[in-house]
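Please open the model in your viewer and keep the sequence panel beside it, since each stop on this tour begins with a selection.

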Amino acid sequence: MERIEPTAASTRVLAPISDTDEVDLIPVRTYWQLVRQRFVQHRLAVIALFLMLVLVVLAIVVPTLTGQGYAKTSLSTTMRPPFQSLTSPLGTNQIGQDMFLRLMKAMQTSLFIGFMAVVIIAAVGVTLGAIAGFFGGWIDNVIMRIVDVVLSLPIFFLIVMIVSFFGKGDAWVVIIAIGITGWTLACRLVRAEFLKLRDADFVQAARALGAGRMRIAARHMLPAALAPVVVAATLGIADSVVTEAALSFLGFGISPPEASLGNMLRNFEEDIQVRPILLVWPSVTIVLIVLAASFLGDGLRDALDPRQRIEKK
Amino acid sequence: MATYVLRRLIQAIPILVGISIISFAIVHLAPGDPVDRFRSGRVSPQVIQNLIRLYGLDKPILEQFTSWFTTFWQFWKPEAWGFSFIDGRPVTEKIAEKAPTTLLLMGTALAVTTVVAVPLGILAAVKQYSWADKIITTLATIGYALPSFVLGVLLLFTFNIAIKPGSPLHFPGYGLQTLGVENNPVDIAWHLVLPVSSLAIQQIAGWSRYMRSSMLEVLQQDYMRTARAKGLPGSKVLFKHGLRNALIPIITLLGLTLPSLLGGAAITESIFSWPGLGYMAVQSVSTNDYPVVLAIVMIGGAMVILGNLIADVLYGFVDPRIKY
C-alpha cells in the first residue's frame, strides 16, 4: 500500500470543526476531472492529441471539399516539385496527380481503417473478456483457449491471407481482417479487470442492493474495467494504421487509383531511383500518426490510472 | 524439467489443432477453388473433373481436413506438405531450400540486436536522466515509430542510391549475393548489412526500452543495496547481481521475437529482395499457392509455441526461484 501523504486539504478535513469555524468546503474533484488534470500535465500527450486532431480534421475536410481531385491525372503537369505553387503545395507525381490531395485522401483511408479496426478489436475484445471474466468456469476456459490459438497464429501473415483471398483492395476486408485477429489483448485486459472487480466493495454493494447480474456486469463493472482498454485501443490505432500500410505496401491492401498511405509507397523500387520525393510524404505521415497515437496512449495510461496522484511541482 | 517440457508439448497439441482448423478454414472458405486457374476454354471439363479427383476436392471437407492434417505430421516424407500449385515441387523441399537464408538473416539481426540493445539499456538505466539516457530514449522512440517498410526504404535510399557505388558506405540492396559470385561469405555479409540493419534498428529500439526499465527496477531492489553495502565493487554489483536479474524480461522478448521475425521479415525481405521464407510466403499468398500457404501458417504457429516454451525453460535456468 502506498502511504497517503497528508495534504493541506486532508488535514483541514481532519481538524475538528467548531461551531465558530467557517466550514471550508474542499472542492470535490470527480474522476474525470482528475483524469483531465493528469493528462494536461503530460506535455507530449497534449501535443500528440493536438496533432492527432489536426490530422483527423485534415483527413475529413480536405477530401470532402475536393471530391475526386486526388485521382485526377494531368499529363501536362507531371512531377511538379513541392512548395512551388499554392494550388499543389506538395507537387505532383509522374501522372500529374496532386500529391497533397492524394496524401489527404490516403490519410483519410488509413485513419478510417485504423479507427474502425480498433472499434472492432475493442468490441470483440471487451465482450469476450467481460464474458470470460464475469462467468468464469468453462466459459472462461473456452474463451481463453481461443485466445491461446489466436495468439499462436502468425498474425500478419494471416491478415495477408484473409485480405488476399477474400477481396484484395476492399477497405472493409482489411478492417475486418485486422479486427478479428487483434482482439486478444483487449480481451485479456478486460478479463483481468473483471476478475479483480468481482469481489470489489462497490460490486458487492450493488449485489447487496439486489442488482441483477447483467446490471452489475454492464453498469458497475464494465465502466471500471475500461481504462486499460482505452489505452490499448489508442496504441492499437498506430498498430492498425501500420498494418494497413504494410498490407498496401506489399500490394494486398488498398490498390490505386484509391489512395492509402501504404500504397503511395508501393512503387518504391522505381520511385526510389527516379523520384524519391514522392516517398517522403506518406512516410512522414505514417510516422506522425504512429508517434501521435503512442504518445497519446502513454498520456492516457498515466491519466487514467486512479492510483496515481497528481505530483505537485 | 523434462516432465514440464513434456506437459507443455502435450498442451500445445490442441493449440496446433486450432491453428490448423483456422488456416484450413480460411483457405477453403476463400472464393474459388485451386483448380480455377486451369479452367479455360481450352481445357476440357473431363480434365477439370480429373484434377478435382486428383486433389481430393470431391471428398467431404472433414475428410479433406483429416487427410491433410494426418499427413502433415509426417514431415520427413517429401509429399507430407503437398506439392506447390505453381511449380509442382514438394512444399517441404521448397521450404527447406529457403529456410537457411531466412535463418541467416534472422539470426544475424537477433545477434546484432542483443549485442547492441542490452548495453544501451544498461547504460540508459545506470545513467538515468543523463544526456546519454536522453539520447538513447529519444532514438528508441523514433526507431519504434518507424514501420519496417519506411525504415527499409529509407536505408535502401540512403546507402544504396544516394551514396553512389564506389563509396565505402555504399551497400548492396538486392538479393543474397552478387550475380556470378557464388557462396562467397564476404559478399553475402555485404548483402546482409542493409536488411539486418533494417530489422535490428527496430528491435534495438524496443529491446533497449525494455532493458532500461527492467534494469531501473532491479537497481532499486534491496539485494542491490545489500551487495553494495557488503563492499562489492560497483561493476560486480551491476553485472553479477543486477544484470542477471534484469535479463529475465529480455528472455520473454527473445521468445516473442523468434516467430515474429517470420512476419516482420516478409516486408524486409520483399524490400531487399532477400530470397527467404517471408518473401516466399507473400508470393505464395498472391499466387494462391495453398499448400505452401498452409505449411507456412503451421510453421509460424509451431514457432510461436516453441518460442514461448524456450522462453519459459530459459526462465528456469536464469532464475532459480522458478521451479517446474
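Begin in chain A, in what is a predicted model, by selecting L44(A), A45(A), A48(A), L49(A), L51(A), M52(A) and L55(A) in α3(A), and then add the residues of α13(A) that they meet, namely L288(A), I289(A), A292(A), A293(A), F295(A), L296(A), D298(A) and G299(A). Coloured by class, this contact of α3(A) with α13(A) shows 13 nonpolar, 1 polar and 1 charged residues.

Now widen the selection to the helices themselves, taking residues 43-66 for α3(A) and residues 277-304 for α13(A). Two packed helices are described by the angle between their axes and the distance between the axes. Here the angle is about 135° and the axes lie 8 Å apart. Angles over 145 degrees would count as roughly antiparallel and those from 65 to 115 as roughly perpendicular, and α3(A) and α13(A) are therefore oblique to each other. If you turn the view so that one helix lies in front of the other, the crossing of α3(A) and α13(A) is left-handed.

Next, show the whole of chain A as a cartoon, where the secondary structure comes to 13 helices and 0 strands. Of the 313 residues in chain A, 42% are buried. Among the contacts in chain A with a separation of 6 or more, 69% are between residues 24 or more positions apart.

For a single residue within this chain, select A130(A), which has its place in helix α4 (residues 99-135) of chain A. Is A130(A) buried or exposed? With 21 other C-beta atoms within 10 Å, A130(A) is buried, because the cut-off for a buried residue is 20 or more. Leaving aside residues up to four places away in sequence, A130(A) touches V190(A), F194(A), A217(A) and L222(A), so these can be added to the selection. To follow one of these pairs, draw a distance from the C-alpha of A130(A) to that of F194(A), which are 6.5 Å apart in space although the two residues are 64 residues apart in sequence.

For the last stop, bring chain B into view and select the contact between the two chains, which takes 34 residues from chain A and 33 residues from chain B. On the side of chain A that touches chain B, at least two residues each are supplied by α5 (137-152), α6 (155-166), α11 (227-250), α12 (268-274) and α13 (277-304). The largest share of that side, 10 residues, comes from α6(A). Coloured by class, the side of chain A that touches chain B has 26 nonpolar, 6 polar and 2 charged residues.

Technical notes:
Residues numbered from 1 in each chain as written. Chains lettered and ligands numbered in written order. Predicted model: local features only at pLDDT ≥ 70, side-chain atom pairs only at ≥ 80, totals over all residues. Contact = placed C-beta atoms within 7 Å. Helix = DSSP H or I, 4+ residues; strand = E, 2+ residues; numbered from the N terminus. Nonpolar A, V, L, I, M, F, W, Y, C, P; charged D, E, K, R; others polar. Buried ≥ 20, exposed ≤ 12 C-beta atoms within 10 Å, placed from the backbone. Axes fitted to C-alpha atoms, helices over the stretch in contact; angles between N-to-C directions. Parallel < 35°, antiparallel > 145°, perpendicular 65-115°, else oblique. Left-handed = near helix turned anticlockwise from the far one by under 90°.
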